[in-house]
Amino acid sequence: MKLTDERAFTDPESAARKLIEIARGIEAVQDGRIHIEKINAPFLYTLKASGPEFGAAIEFAIEKGWLELHESGTYVRLRVESQDDLRLQSSD
């Protein structure tokens, strides 16, 4: 008997890819900034991910150079243009 559901975003790479997909759908404001809540809310509430999954996804995306997180933590900037860029950089 299975008591828990499989979590869709336990793998940080797949979660980070989903964050990038969400971020691409958001119109950036001044200087390419995307407010963190614009990606946080859909990830946590629409996709039903957890806070630790969101944190791991952000960390993974930053490590890979896909996102830049401002030191204040209030916004990110995309560092990749397309899914092809993600594929190329994931082999690093």
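Arg77 sits in strand β3 (residues 75–78), where strands (E, at least two residues) and helices (H or I, at least four) are DSSP runs numbered from the N terminus. Before we dig in: this is a predicted model, where local features need pLDDT of at least 70, side-chain atom pairs count only at pLDDT 80 or more, and totals for chains, interfaces and linings use all residues. Residues are numbered from 1 along each chain as its sequence is written, and side-chain values use heavy atoms, with hydrogens and water left out.

**Exercise 1.** Work out whether Arg77 is buried or exposed, and find its side-chain partner in a polar contact.

*Solution.*
- Step 1: grab the relative accessible area, which is 15% for Arg77. Buried means under 20%, exposed over 50%, and partly exposed in between (1.4 Å probe, protein chains only). So Arg77 is buried.
- Step 2: look for the polar partner. The side chains of Arg77 and Asp31 are joined by a polar contact of 2.7 Å. That term covers a pair of N or O atoms within 3.5 Å; within protein, one must be able to donate a hydrogen and the other to accept it, and residues adjacent in sequence count only if both atoms are side-chain atoms.
- Step 3: list the neighbours. Leaving aside residues up to four places away in sequence, Arg77 touches Asp31, Gly32, Arg33, Trp66, Leu67 and Glu68, contact being heavy atoms within 4.5 Å.

**Exercise 2.** Place Pro12 in its helix and say which residues it touches, not counting those up to four places away in sequence.

*Solution.*
- Step 1: Pro12 belongs to helix α1 (residues 12–24), and with 31% relative accessibility it counts as partly exposed.
- Step 2: its contacts, with that sequence filter on, are Ala56, Ala57 and Phe60.
- Step 3: check the C-alpha atoms. Pro12 and Ala57 come to 4.9 Å apart in space, despite being 45 residues apart in sequence.

**Exercise 3.** Describe how α1 packs on α3.

*Solution.*
- Step 1: the angle is about 80° and the axes are 8 Å apart. Axes are lines fitted to C-alpha atoms, for helices over the stretch in contact, and angles run from 0 to 180 degrees between N-to-C directions.
- Step 2: therefore α1 is roughly perpendicular to α3; the bins are under 35 degrees for roughly parallel, over 145 for roughly antiparallel, 65 to 115 for roughly perpendicular, and oblique for the rest.
- Step 3: among the residues making the contact are Pro12, Leu19 and Ile20 of α1 and Phe54, Ala57 and Phe60 of α3.
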